[in-house]
Structures are given as structure tokens and as C-alpha cells.
Amino acid sequence: MVMFTTRRSIPELVVPAEPTPSETKFLSGVDNCINLRFYATGIQFFRVRPAEHNHEKPHSIAKAIKAAMAAALVYYYPIAGRLREVPNGELVVDCTAEGVMFVEATADVQLNHLGQPLLPPYPCVEELMFDAGRGDGVVVARPLFSMQVTEFKCGGFCISFEICHCITDGFGVIQFIKAIADLAGGEAVPSVLPVWRREILMARNPPCIRDIFPAYVPFLNGSRDIAHLQRHIPIYLRRSVSTFDLLTVVMWRCRTIALGYKPDQQVRLMFTMSMRGKWTRIPRGYYGNAFVYPIVETTVDDLCGNALGHSLELICKAKLDMSLERMKSMVDMMSGLQRGLGSSFTMDNVYYVSDLTRLGHEEIDFPWAQWVGGSILPVRRPSSFHVKCKNGDGEESVVVSVLMQKSAIGRLAKEMAFWLNKPGYTVIPMSSL
């Protein structure tokens, strides 16, 4: 794996390019979930377009993006503010225009040296990211967003970022990055105007948690791998099972066996489901957290002792059962967690999965640069993330990252080899416990 170093500028605060409203904004019930009080990170890679595209590359890519970010903050001005905790334990945003952190960097390496194709885990990723020292869980009175733009020797570059999860989810942060790209490319306004309207997902008063899931009381998979796994889907489920469902259930079974749970132990699958498009009140441009956590609960014996179709039925049922009333109940529950209310929520024997393949990374468009890879980066907790990329043959593929005990990785690879019919199948240790 290639090794390199970067030279960074001194971090600076970037403020909105024009005066913005000085006000206090309330967060939604989902935003206020205590489990979201951390900073999420991501990275996006770009190569410069050929000269025939007639868009001249800026003399300094980093400075062009910094100026565009200042312009974007005029529209997304709450991101330039600071969080404050109010007496009931909830958070609010003071729109103070104090700004976001920005770092310029150069790396003594070419983009293609990072891998062909460009796949996670990305080499020396710590060199490409500005470490703001925010791993302590404190989100109050701190910048809500930071960015490092690193230019490579070949002219390509990457954008890494860190954002407070209380402010936005994956869809929202990609929408913000797209707005920066729009303005950097000369557009007068972002192609999608931001919508705050956090009252849409406020908890009810009083809370009414009456419909909830009972449990609340990196593998590269190319099209051929996925096609092989699809042979295990019963005919009656083939129209309702997505690639995410299939990969998630297979990985859940393999992980469960690898971790050596006893046959009668309860195991749970929890995954994120976006409310966009399902809750009609959420408008285009909304960039707050808008997701819920469907959950499936069963025993090890039931999960691993039955045909794959049985497990797929469980995940399909969990998605179908996510009614509007259940969404509202989950918003009430998530809002109440920071006050010790709501569910007794436990993460014992839980496999948590998030689908990042539909966030729209590939739609981040600079006139003078083309997106070639990147994603939201996994957090250090027992979780799994699905990321879209291309493999060495140019096929659309999905990388599934899993964080688990190092001692179980070999057993996991053995189980995956069985399902993919690939003897000797190996995994890439991204990180381990």
C-alpha cells in the first residue's frame, strides 16, 4: 500500500460570504437523539476533466472551494453557528455566523497511486483528513463542520469533511457538498435550495409511543457475486428483495456464525431507513436527519438454521411494517432518549447496517473535475456500511465494511467463501477490535 504525507495550512474559520440572520433554531426530534451527538466523516475524490471540456481548472482548487463554501453558508447559515444545550436537555442552534473550519493541503502522491480502482480502505486516509480532535462526544459550542481540500501532484484532489450528525444526515451533507460544487462551478444559486423546517419531525407532546418494533422494548460484491447470491432468493420474493436486503441478510448470517453466538441467543438486525419519499411532509431540500431504525429480532438457530428466504422475509416484513404511525412513534422515542425517556434500547447482539449507496456522491459535479470515488466513513462502533464503487473490471459494485473482533475475521471470510462459492475468499482488514 502506498505511503505519503501531506503539507497542511493552519486551520482557519470560513464565515458566510454575506450577512445572515442572527437567530436560534430548534432541532427536530430525530436530530436531538442522543445517539447522534458525534461527528460523522466522509471523503470524496476527484480527477481533473480533460481540456476539451472547456472548463479551465482554477489556479488554486482549495481557494476556489473555500470561496464557494463561504457562498454556500449564506444559504446553509445554521451550519456556521454553534449548538447550545437548553434546560430540558435538548440542543438548539445559535446562528452566530462564527464559521466552519477549513484546511488547505498538498500531497506528494498522484491520485492513481491510491488504487486502481479506488476502493476503501483508502491508504493513509488520516493524511487526507483534518483531525479536529472531536472524538470525545462533545458537540456543544464547537464548529459544526470542517473540511480539508488536498491537491495531488497530478492535479486531482480530494475533499474530506467532518460534520456534527445532530445537524444533518448523509443525504443532507451530500446536498451541502453539492451546493458548494454548484457555486464553485459558477452557478448563481445552488441547484437545490436548503429547507430547515425541523418542526416536521418534532416529537409529539405528549409523546405517543404505541407502535414500535418489539426489540426496542469490507467485502467487495460485484455484479457477478450479487447474481450468484440472488440464486438463493425464493421466486416469490425476487420482486421485493433489494441488493441491500440480500447483502445485509447474508452478512448478518455470516457475522453471527463467525462471532460464535449460541443457538438459543437472541440476535437483532437494525438498519437505517430514510423517511424521504415515505413521509410526504418532508420537502425537497430538507437537510436534517430524516431516518428511522427498523429492527428484526430472532434467534441464532432461526437465522442460521433456515433457508435464506426465511431471513429475507423478516427484513422485508420489517420494511413493510414501517407505517406512518410507527415513524411518528420512533421520532417520539428518539427525541426522548436524551432525557432518559422512551425505550430501554439495547445494542446487545445487534448488527447495525447503513446503506450509503444512494446518497448521491457521484452527482457531486465540478465543471473542471469528475468524481471518482469516496463515501461517508464508518464510525468506530459494531456496524456495517454499504458503499457504491467500481471494481477492477469496471463493474458497479458494493463494498460492505464490517467492524468486528479481529479473532473472528477468518471465520467470517470462510462463511462468505461458502455463499459466494469462492474457496480461499479473503477480506481486507479495514479496522478491527
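**Entry 1: cysteines**

I began by looking for disulfides in this predicted model, and the structure holds 0 of them. As a reminder to myself, a disulfide is a covalent bond between the sulfur atoms of two cysteines. I then looked up two cysteines one by one. Cys95 is buried, with a relative accessible area of 3%. Cys154 is partly exposed, at 39% relative accessibility.

**Entry 2: confidence**

Next I checked how far the predictor trusts its own work. The protein chain has a mean pLDDT of 86, and 88% of its residues reach 70 or more. I also found a weak stretch: over residues 213–217 the pLDDT is below 50. In the model this stretch still has 21 contacts beyond near neighbours in sequence. I am careful here, because where pLDDT is low, the predicted coordinates should not be read in detail.

**Entry 3: an open sheet of three strands**

In what order do the strands of the open sheet lie? I read the order as 3-6-5, with antiparallel pairing. Strand 3 (24–26) and strand 5 (82–85) are the edge strands; each has a single partner strand, so one side of each is left without a neighbour in the sheet. On average, neighbouring strands of this sheet are turned by 35° against each other, direction ignored.

I looked at one pairing in detail. Strand 3 and strand 6 (residues 91–94) are joined in the antiparallel sense over 3 bridges. Among the bridge partners, Thr24 is matched with Asp94 in strand 6.

**Entry 4: strand 4 and its partners**

Is strand 4 (residues 39–48) enclosed or open to the outside? I found that 8 of its 10 residues are buried, so strand 4 is largely enclosed by the rest of the structure.

I then followed its pairings. Strand 4 runs antiparallel to strand 9 (residues 157–164), and 8 bridges join the two. I noted two of the matches: Ala40 has Ile163 as its bridge partner in strand 9, and Phe46 has Phe157. Strand 4 also runs antiparallel to strand 16 (residues 369–376), this time with 7 bridges. Here Ile43 is partnered by Ser375 in strand 16.

**Entry 5: strand 9**

Strand 9 deserved a page of its own. How many of its residues are buried? I counted 8 of 8, so the strand is mostly covered. In general, the side chains of a regular strand alternate between the two faces of the sheet. I could follow this in strand 9: Phe157, Ile159, Phe161 and Ile163 point one way, while Cys158, Ser160, Glu162 and Cys164 point the other way. Residues on both sides are buried.

Strand 9 also pairs with strand 8 (residues 145–151), antiparallel and over 7 bridges. One of the matches is Phe145 with Ile163. Ile163 is also the partner of Ala40 from strand 4. Strand 8 and strand 9 form a hairpin with 5 residues between them. In the turn I found Gly155, with a positive phi of about 105°.

**Entry 6: two alanines with positive phi**

After that glycine, I looked up positive phi values in other residues. Ala97 has a positive phi of about 60°, although it is not a glycine. Ala97 lies in the loop between strand 6 and strand 7 (100–107), and it is partly exposed, with a relative accessible area of 28%.

Ala141 also has a positive phi, near 60°. I found it in the loop between strand 7 and strand 8. Ala141 is exposed, with a relative accessible area of 56%.

**Entry 7: helix 3**

In helix 3 (residues 223–230) I noted Asp225, Ile226, His228 and Leu229 as buried. Where do these buried residues fall when seen down the helix axis? They fall within an arc of 155°, so they line one face of the helix. This fits a rule I had to remind myself of: an α-helix has 3.6 residues a turn, so residues three or four places apart point the same way.

**Entry 8: Val292**

My last stop was Val292, in strand 13 (residues 291–292). Val292 counts as buried, at 0% relative accessibility. Which residues does Val292 touch, leaving aside neighbours within four places in sequence? I listed Phe271, Thr272, Met273, Met275, Met322, Met327 and Met330. For Met330 I also looked up the spacing: the C-alpha atoms of Val292 and Met330 are separated by 6.8 Å, with the two residues 38 apart along the chain.

Key: Residues numbered from 1 in each chain as written. Predicted model: local features only at pLDDT ≥ 70, side-chain atom pairs only at ≥ 80, totals over all residues. Heavy atoms only, no water. Disulfide = S-S within 2.5 Å. Buried < 20%, exposed > 50% of the residue type's maximum accessible area, 1.4 Å probe, protein only. pLDDT = per-residue confidence, 0-100. Contact = heavy atoms within 4.5 Å. Pairing = 2+ DSSP bridges. Helix = DSSP H or I, 4+ residues; strand = E, 2+ residues; numbered from the N terminus. Axes fitted to C-alpha atoms, helices over the stretch in contact; angles between N-to-C directions. Arc of directions from axis to C-beta.
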